[in-house]
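Open the model in your viewer and keep the selection tool at hand. The tour below moves from one selection to the next.

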Amino acid sequence: MEKEQEIDWGGGGGGPEEGATSQEKLSLLKNVHSGLPDPLPHPVKRSVIEGDYLYFHYGCDGQDDRGWGCGYRTVQTLSSWLRMNGFPARGPAPTLPRIQQALVSMQDKPDSFRGSRDWIGTFEASLVLDFIHDVPCKLVHVRGGAAELERVAAEELHRHFHVHGSPVMMGGDRDNSSKGIVGVCTGAGGSHLLVVDPHYYGGPPERAELQRRGWVAWRRVSSLDQDSFYNLCMPQTTRKST
């Protein structure tokens, strides 16, 4: 197994709750896109994140969040990148209950949100990452359609990875499955997104298994739902030297 990094959930009951594991530390895979071949032999432009991150997915902490937790897991993946690349969190790693509590504390959600199975999207992700890491996020709305999606991939995402280097959260309406985006590759025929999908559920995975089964994969922009709008949450980390 390729368990490469431990997350400290903190003590005193700060870990996953209600039927979840009581472990205070959990091993998670790091950089699950590593070793994945590029989708194009001669791309015009290729941009990927810089630095390490951990792969969070359904049930990775013992809490069965299938059907509602994908947004939380993507937030955890983005938070892990921030923690590992110089943007420490206020307190231990954000568990699902801590994410919900943060949104209640900010008065974005009512008290009844705690312990619920309500989804979160890119807007809530931006609030949580700013609250926990003091890192603002840029929200980009993509109305849908092949031309608009290709434009955002070719312009916004390349620019983001070049300037900020951080992973991006992507969600939509018809296509409402949260995705982590860690790279973009553009050629004459269009762009591909490097997707880290949090919907894997099962025993501790191996990187090769995730890539073989498509949980971590390059996806053509044209394969996305052309009738769905999409939103991107892009952490605005310190500009890197060029």
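Two axes that meet at an angle of 65 to 115 degrees count as roughly perpendicular. Keep that range in mind for the second stop, and note that the model is a predicted one.

**Whole chain**

Begin with everything selected and coloured by secondary structure. The chain holds five helices and nine strands. Read from the N terminus, the elements come in the order β-β-β-α-α-α-β-α-β-β-β-α-β-β. The chain has 242 residues, and 53% of them count as buried. Take the contacts in the chain with a separation of 6 or more: 70% of these are made by residues 24 or more positions apart.

**Helices α2 and α3**

Next, select residues 96-105, which form helix α2, and residues 122-133, which form helix α3. At what angle do the axes of these two helices cross? They cross at roughly 90° and come within 10 Å of each other. The crossing angle falls in the range given at the start, so α2 and α3 are roughly perpendicular to each other.

Now show side chains where the two helices meet. On the α2 side, pick Ile99, Ala102, Leu103 and Ser105; on the α3 side, pick Glu124, Leu127, Val128 and Phe131. Sorted by class, this contact has six nonpolar residues, one polar residue and one charged residue.

**Along α3**

Hide α2 and stay with α3. Its twelve residues, at 1.5 Å a residue, should span 16 Å, and the C-alpha atoms at its ends are indeed 16 Å apart, so the expected and modelled spans agree.

Which residues of α3 are buried? Select Thr122, Glu124, Ala125, Ser126, Val128, Leu129, Ile132 and His133 to see them. To find what lies over these buried residues, bring back the surroundings: the cover includes α1 (70-84), α2, β4 (137-142), β5 (168-172) and β9 (230-235). Then step past the end of the helix to Asp134, which follows α3 and has a positive phi, near 60°.

**Salt bridges**

The last stops concern charged side chains. Side chains of opposite charge can pair when their charged atoms come close. How many salt bridges does a search of the whole structure find? The search finds 16.

- Select Asp38 and Arg46, whose side chains form a salt bridge with an N to O distance of 2.9 Å. Asp38 has 35% relative accessibility and so counts as partly exposed; Arg46, with a relative accessible area of 41%, is partly exposed.
- Move to Asp64 and Arg66, where the salt bridge has an N to O distance of 2.7 Å. Asp64 is partly exposed at a relative accessible area of 33%, and Arg66 is partly exposed at 44%.
- Go on to Glu156 and Arg159, a salt bridge whose closest N and O atoms are 3.7 Å apart. These residues lie three apart in helix α4 (residues 146-163), so about one helical turn separates them. Is Glu156 buried or exposed? Buried means under 20% relative accessible area, and Glu156, at 16%, is therefore buried. Its partner Arg159 is partly exposed, at 45% relative accessibility.

Finish by selecting Asp61, Asp65 and Arg73 together. Salt bridges with shared partners join these three residues into one network.

Key:
Residues are numbered from 1 along each chain as its sequence is written. This is a predicted model: local features need pLDDT of at least 70, side-chain atom pairs count only at pLDDT 80 or more; totals for chains, interfaces and linings use all residues. Side-chain values use heavy atoms; hydrogens and water are left out. Axes are lines fitted to C-alpha atoms, for helices over the stretch in contact, and angles run from 0 to 180 degrees between N-to-C directions. Helices (H or I, at least four residues) and strands (E, at least two) are DSSP runs, numbered from the N terminus. Angles under 35 degrees count as roughly parallel, over 145 as roughly antiparallel, 65 to 115 as roughly perpendicular and the rest as oblique. Contact means heavy atoms within 4.5 Å. Ala, Val, Leu, Ile, Met, Phe, Trp, Tyr, Cys and Pro count as nonpolar, Asp, Glu, Lys and Arg as charged, and the others, Gly among them, as polar. The expected span of a helix is 1.5 Å times one less than its number of residues. Buried means under 20% relative accessible area, exposed over 50%, partly exposed in between (1.4 Å probe, protein chains only). A salt bridge is a side-chain nitrogen of Lys or Arg within 4 Å of a carboxyl oxygen of Asp or Glu.
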